[in-house]
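Here's a quick walk through a model, starting from the inside and working out to its ligands. Have a look at the fold first.

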Amino acid sequence: QVLGVDLRNALRAGDLHVHFQPVADVGTGSLLGFEALARWTHPERGVVPPGLFIPVAEESGAIVDLGEWMLETVCQEATRWPLACTVAVNISVMQFEKSDLVAQVDGVLERTGLDPARLELEITESVLIHDTDYAVEVLNRLKARGVRIVLDDFGTGYSSLSYLKRFPFDKIKIDRSFVSEIGDSQQSAAIVRGVIGLARGLGVPVVAEGVEQAAHVDMLREEGCDQMQGYLIGRPAPIEDYGDLVFDHP
Ligand code: G
Ligand code: G
Ligand code: MN
Ligand code: NA
């Protein structure tokens, strides 16, 4: 709870910043865009990992403020880049349910002037559990703005294939827990192949997360996976670390 209070102060104090992790095309290896990930440097505790503060932020409600700040900051940042690539922002369940996400997105797009087609909103299946009709309506309104809706962490949580029928996702992300085990677990390999096949059958682009080895890329290419993300491609880092790709773009 201490962290929950601190987090709101941190937002005001400017102790939060954004790291960007590249997403690449499996076939060509070329850069398609970035996923934005929140980072917190606490004045006394030092770097607080998001695995720790995101759950705390969800519980305290601070995630709503954090989420708004992320959207604004990331969209503003992306408009500075000569390279017109995509940027993905994670939307938590509470931000989805407790705030007017459509109004937030409209406001951010208007203030920043970002092309909506460059913005991807990553949601998990849990957003669809409570009130599926409401969630589908919100997602459709966002989609009508030209924003892309991505299903994150697919295969974990309370996965239900019926969600894939209820809403036309623009992209499906295979959770890294399956991808990182491709070489060690026949089960994980089968699940990765299965999800790629499913996505292809549905005509939805699919991205593999947690790509750490060249062998993962070989398998993903063979299976026809579209996009990849992971430490092998690039770690989450300040955008300056990817400056040659983003700022030196003609
Ligand atoms: O950034 P990793 O690098 O450690 O992130 C850990 C977890 O925190 C992931 O599940 C990621 O989706 C989540 N996360 C990171 N940044 C954000 C954010 O800005 N908003 C939300 N809702 N989750 C985030
Ligand atoms: O839940 P979400 O998919 O948004 O979380 C992304 C998380 O995955 C971040 O914590 C990010 O740092 C982490 N991540 C990204 N690539 C890799 C990878 O190749 N290996 C591992 N172990 N974690 C990764
Ligand atoms: Mn994500
Ligand atoms: Na994920």
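The largest nonpolar core in this predicted model has 64 residues. Inside that core, Val-89, Val-192, Ala-208 and Met-228 have the most contacts. Helix H3 chips in with eight residues, the largest share of this core. That fits a general pattern: in soluble globular proteins, nonpolar side chains tend to be buried together.

Take Met-228 as a sample. Skipping its neighbours within four places in sequence, Met-228 is in contact with Ala-24, Val-26, Val-207, Ala-208, Val-211, Val-217, Leu-220 and Ile-233.

Zooming out, the chain has 12 helices and nine strands. Its radius of gyration is 18 Å, close to the 18 Å from the globule rule for 250 residues, so the chain is as compact as a globular protein of that length. Of those 250 residues, 35% count as buried. Among contacts with a separation of 6 or more, 66% link residues 24 or more positions apart.

Now for the ligands. The shell around ligand 1 includes Leu-37, Ile-54, Met-70, Asn-90 and Pro-236. Strand S2 (31-42), helix H2 (50-60) and helix H3 (62-79) each supply at least two residues of that shell, and H2 gives the most, with three. Around ligand 2 there are 13 residues, of which Gly-210, Glu-212, Gly-230, Tyr-231 and Pro-236 come nearest.

Here's how the two shells divide:

| Shell | Nonpolar | Polar | Charged |
|---|---|---|---|
| Ligand 1 | seven residues | four residues | no residues |
| Ligand 2 | four residues | four residues | five residues |

Terms used: Residues numbered from 1 in each chain as written. Chains lettered and ligands numbered in written order. Predicted model: local features only at pLDDT ≥ 70, side-chain atom pairs only at ≥ 80, totals over all residues. Near = placed C-beta within 6 Å. Helix = DSSP H or I, 4+ residues; strand = E, 2+ residues; numbered from the N terminus. Nonpolar A, V, L, I, M, F, W, Y, C, P; charged D, E, K, R; others polar. Core = buried A, V, L, I, M, F, W, Y, C linked by C-beta atoms within 7 Å. Buried ≥ 20, exposed ≤ 12 C-beta atoms within 10 Å, placed from the backbone. Contact = placed C-beta atoms within 7 Å. Rg over C-alpha atoms; globule rule 2.2 N^0.38 Å.
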